Amino acid sequence: MKRTIVITGGAGFIGSHVVRLFVNKYPDYSIINLDKLTYAGNLANLKDVENKPNYSFVKMDICDFDAFYKLMCEKHVDGIIHLAAESHVDRSIKDPFTFAKTNVLGTLSLLQAAKLYWESLPEKYEGKLFYHISTDEVYGALEMTNPEGIEPPFSTTASSSEHHLAYGKDFFYETTKYTPHSPYSASKASSDHFVRAFHDTYGLPTIVTNCSNNYGPYQFPEKLIPLFINNIKQRKPLPVYGKGENVRDWLFVEDHARAIDLIFHKGNVAETYNIGGFNEWKNIDIIKVVINTVDRLLGRKEGEDLDLITFVTDRLGHDARYAIDSTKLQKELGWEPSLQFEEGIEKTVRWYLENEEWLNNVVSGDYEKYYDSMYKNR
Ligand code: NAD
Ligand code: DAU
């Protein structure tokens, strides 16, 4: 079946993996990557697919209602996978307005344009889908069962299954009450509510998914794992917030992209699905794994760079623990993560070390010239 799908935020970290998967897997689909190219958008993430006939790029701000409505009509868009967002919690603490504008008003603008265009068609909402990608952070934070003096029941190289249930028996479920704490998560929560409101009020076919922390190639090096890989490589200090005791639930980005593909095609309209790998790690433990892996791959003595760890002032409102229960997705649609964490982290560190040019261009800001050289005069 031919389809025309807009993927917003396709030049970002997760979006670029979703675009790559769809372009390669569905040659009959027309995949439109719509991105404003903020500091987080990098078209070099998609060099391997940019010349494929079923791929196109449109530089656009999701807040530009008129431009998006026009695009929907001209291209006969029947599916939207919405990833464009401001995504970094630390930036949201410094500049909450930008997060409200892009994440809330931008999402509302897309919803309204989709509604108007699809309602104008004879078949209306038949065969259409607005799929909104959200985060587990909307659920707030979970308690650590034993926050003081935890003695992990595993080594830092323990398998993912040993990390499951390591820090508490409670999880985020699809039914968990929204309790966002940061301006970022508050803006994502608000956008989730707008998406559901458009379904409940107008019947717009929507799906929302809430995913845990992603890691893997092409992540902007302001986020923990790529930032630390780059710093270890250059022997720069590693700023660990607080005591490094916070827990995050890590998923390899390609597994998230596979889940998005599955849910886009087989998910039930109006549903919410949680996506996560049952793979909880305390920050300090994951940091040690990253240090050991970088050291080993660079031919240094493993653990040689542990003294780069520098405890710094904690993030304001720092959520203690995130842990996703993705049983619904696993049982109803048969998804499961394909990679063990050890494999995923090895693959990730190797990628950043082997893709020095990509990393250097991002750190120096040169990546922002890629659009001018490749697209501006097309
Ligand atoms: P990212 O910051 O790497 O990429 C965001 C992309 O959105 C960039 O390409 C940027 O240019 C684009 N963008 C930003 N503002 C825009 C605007 N106004 N108009 C058009 N494009 C705009 O983000 P990411 O980590 O890939 O996250 C993608 C989505 O997944 C976000 O919605 C995020 O909330 C969600 N999410 C992320 C994670 C994670 O661990 N990274 C986990 C769960 C959910
Ligand atoms: O849970 C999903 C979320 O994961 C996504 O919705 C967000 O878009 C994504 O950025 C991520 O949010 P986090 O705040 O968890 O990710 P970050 O990489 O910024 O931080 C991971 C943990 O590491 C967190 O507890 C803060 C800590 N940290 C982070 C940085 C950047 C440090 O200790 N030092 C650092 O320098």
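In which sense, parallel or antiparallel, do strand β1 and strand β4 pair, and over how many bridges? Strand β1, which covers residues 4-8, pairs with β4 in the parallel sense, and 4 bridges join the two. Before I go further, please keep in mind that what we have in front of us is a predicted model.

The average pLDDT of the protein is 93, and 94% of the residues score at least 70. There is, however, a stretch at residues 153-157 where the pLDDT is below 50, although in the model this stretch has 11 contacts beyond near neighbours in sequence. Where pLDDT is low, the predicted coordinates should not be read in detail, and I will leave that stretch aside.

Let me stay with strand β4, residues 79-82, for a moment. On the other hand from β1, it is also joined by 4 bridges to strand β5, residues 129-135, and these two run parallel as well. Ile80 shows both pairings: Val6 stands opposite Ile80 on the β1 side, while in β5 the bridge partner of Ile80 is Phe130. Both faces of β4 are covered, with Gly79 and Ile81 buried on one side and Ile80 and His82 buried on the other.

Now to helix α2, which spans residues 65-75 and in which Phe68, Leu71 and Met72 are buried. Why do we say that these residues line one face of the helix? Seen down the axis of α2, the buried residues fall within an arc of 100 degrees, and therefore they line one face. It helps to recall that an α-helix has 3.6 residues a turn, so residues three or four places apart point the same way. The face turned away from that buried side carries Asp66, Lys70 and Glu74, which are exposed. As for what covers the buried residues of α2, the list includes β1, β2, β3, β4 and α4, so to speak of this helix is to come back to the strand we began with, β1. Just after α2, His76 takes a positive phi of about 55 degrees.

Finally, I would like to turn to Ser212, which sits in the loop between β6 and β7. Is Ser212 buried or exposed? With a relative accessible area of 4%, Ser212 counts as buried, because the cut-off for that word is under 20%. A polar atom of the Ser212 side chain lies 3.0 Å from the backbone oxygen of Asp249. Leaving aside neighbours within four places in sequence, the residues in contact with Ser212 include Asp136, Leu251, Gly276 and Ile324, as well as Asp249 itself.

Note on methods
Residues are numbered from 1 along each chain as its sequence is written. Chains are lettered from A and ligands numbered from 1 in the order in which they are written. This is a predicted model: local features need pLDDT of at least 70, side-chain atom pairs count only at pLDDT 80 or more; totals for chains, interfaces and linings use all residues. Side-chain values use heavy atoms; hydrogens and water are left out. Buried means under 20% relative accessible area, exposed over 50%, partly exposed in between (1.4 Å probe, protein chains only). Two strands pair if DSSP finds at least two bridges between them. pLDDT is the predictor's confidence in each residue, from 0 to 100. Contact means heavy atoms within 4.5 Å. A polar contact is a pair of N or O atoms within 3.5 Å; within protein, one must be able to donate a hydrogen and the other to accept it, and residues adjacent in sequence count only if both atoms are side-chain atoms. The arc is that of the directions from the helix axis to the C-beta atoms.
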